[in-house]
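Here are my notes on this one, as numbered points. Have the model open while you read.

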Amino acid sequence: MVLYWPPDRRTIAKEIQTNLAYTLFCRPRVFDEINDSLKRFWEIETLGTQKSKPCILTVEEKIAFEKVNQSLVHDGEHYQVAVPWKSDCPTLPNNFEMACSRLKNTEKRLLRQPIVGQEYNQIIVSYLDKGYIHKIKETDKEPPIVWYLPHFPVCRPERMTTKTRIVFDASAKFQGTSLNEELYAGPKLQNSLFDVLLRFRRFPVAVACDVSEMYLQIRIPIDRSKFRFLWRNLEVDRKPDIYEFERVVFGDASAPFRAQFVSQENARIYQKEIPHTSTTVCKSTYMDDSLNSVRDNQTAIQLFEELQGLWAKAGMKAKKWLSNSPEVLTKIPQELRAYEINVKDSLPTANTLGILWRAQQDVLTFQAKKLPEEDKLTKRIILSKVAGGFDPLGLAGPFVVCAKILLQDMWTKGLDWDEPIDHELST
């Protein structure tokens, strides 16, 4: 046996006719990825203090920005922006059969979960009622290029409001391509999570809200035939109906960029009229969540009123308002408050950009889940728990460091990944 490392293709080709047996070794990339992940995991906690890198757009990002910027139009109610295609004529084959197959898979899942299926259908009905989509008639002439988006449910039973969400799979491939591969994703315009949370904690009176169905408030002016989907209300024995989106679709690779561009551009238009509120959208908003803090209740009430008006100018509505001040909440209509808050009761704990905020005490906190029983604790489970915490501000750093030291002790003792740890480590 002859072992070559690294393998020499010319030598192998030359001797391929011989009776020699070759064993070729290569290092799987997955090990490199694990090592890189563990290396980052073991680095000293930075508490989010690294300097932000300057935003330098790539050539593709510049092209996408210009396409969207030049197409921005306000129709009196909503903004509309073009889809940033890589080509003037995207190479999208008709994927109707693939979409039918994916629809059947989704239907099987929904039929096993009747409550989820009912919520799923109600969402599509609401899209139709609100004008986000329209039904294609059989008599309508088919455009030269059509594309059907497969879709499936994502269930979040722990959420207070919407527990089922429809995801439209723009990455689904057919004949070697997908919708997302024909799009420029565009530059990332969302603010730093760390910066937004710092601004939220800066002054005594805090306010938070989120924009309802942000993407669906932005119109698609043309190219709607490339954003179709199939549905038949779980009536699996009939031909599916065809629906077409008129608004930006969640799942489209360029959707986050277009949504942020529209919201920030709308804020800049009114910068001189309402500078503080405009800054809240441009600097204190992460995706569809706006969080800010001010010095007193009166300023907070003014921010609420102006922010409602500013989002409305873009055809959007801010809802789920929460504040650490009962006086501010009394000025916010009941239907706009988060979780139907009653100001006479204690203020709730809310999930604020992935971190729990106890509004009553005005503190950020973490919720620790119960660990498995002692005989089921392994190095793999402990690493999963330690690495699974979401802490963009580094507030839990002192606890995480202790947990990392514990993991080092497990490595020192030579424990395998799924070997139960001893009583000393468990304690």
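1. Is Tyr148 buried or exposed? Tyr148 is buried, at a relative accessible area of 1%; buried here means under 20%, exposed over 50% and partly exposed in between, with a 1.4 Å probe and protein chains only. Before going on, some ground rules: this is a predicted model, where local features need pLDDT of at least 70, side-chain atom pairs count only at pLDDT 80 or more, and totals for chains, interfaces and linings use all residues. Residues are numbered from 1 along each chain as its sequence is written, and side-chain values use heavy atoms, with hydrogens and water left out.

2. Now the overall picture. The chain has 13 helices and 14 strands, taken as DSSP runs numbered from the N terminus (helices H or I, at least four residues; strands E, at least two). Of the 427 residues in the chain, 42% are buried. Among contacts with a separation of 6 or more, 70% are between residues 24 or more positions apart; contact means heavy atoms within 4.5 Å.

3. On to the rings. The whole structure holds 16 aromatic pairs. Rings of Phe, Tyr and Trp (its six-membered ring) pair if their centres lie within 6.5 Å, and planes under 30 degrees apart count as stacked, over 60 as edge-to-face and the rest as tilted. Phe96 and Tyr148 are an edge-to-face pair, because their planes are at 80 degrees, with ring centres 5.4 Å apart. This pair links distant parts of the chain, 52 residues apart: Phe96 is in helix H4 (residues 96–112), and Tyr148 is in the loop between strand E3 (133–135) and strand E4 (151–155).

4. Helix H7 (residues 255–269) has a ring pair as well: Phe257 and Phe261 are four residues apart in it, about one turn of the helix. Their planes are at 50 degrees and their centres 6.2 Å apart, so this pair is tilted. Phe257 is buried at 3% relative accessibility, and Phe261 is buried at 1%. Val262 is in H7 too, and is buried with a relative accessible area of 1%. Leaving out residues up to four places away in sequence, Val262 touches Leu72, Tyr79, Val81, Ile218 and Met316. From Val262 to Tyr215 it is 9.8 Å, C-alpha to C-alpha, with their positions 47 residues apart in sequence.

5. Have a look at the aromatic cluster, too. Tyr127, Tyr132, Phe168, Phe229, Tyr243 and Phe245 are linked into a cluster by ring pairs. Elsewhere, what sits over the ring of Trp417? The charged end of Lys379 does, 4.7 Å from the ring centre, and Lys379 also lies over the face of Trp411, at 4.3 Å from that ring's centre. The test is NZ of Lys or CZ of Arg within 6 Å of the ring centre and within 35 degrees of the ring normal.

6. How do H4 and H5 pack? Helix H5 covers residues 114–130, and its axis is 5 Å from that of H4, at an angle of about 125 degrees. Axes are lines fitted to C-alpha atoms, for helices over the stretch in contact, and angles run from 0 to 180 degrees between N-to-C directions. H4 and H5 are therefore oblique to each other: under 35 degrees counts as roughly parallel, over 145 as roughly antiparallel, 65 to 115 as roughly perpendicular and the rest as oblique. Thr106, Leu110, Leu111 and Arg112 of H4 meet Pro114, Val116, Gly117 and Tyr120 of H5.

7. Tyr120 turns up again with His151, which is in strand E4 and buried at 4% relative accessibility. The side chains of His151 and Tyr120 share a polar contact of 2.6 Å. That term means a pair of N or O atoms within 3.5 Å; within protein, one must be able to donate a hydrogen and the other to accept it, and residues adjacent in sequence count only if both atoms are side-chain atoms. Beyond four places in sequence, the residues that His151 touches include Leu103, Thr106, Phe168 and Phe229.

8. Last, Thr164 in strand E5 (residues 164–168). Thr164 is buried at 4% relative accessibility, and its side chain makes a polar contact of 2.4 Å with the side chain of Glu119. Thr164 and Tyr120 are 6.9 Å apart, C-alpha to C-alpha, though 44 residues apart in sequence.
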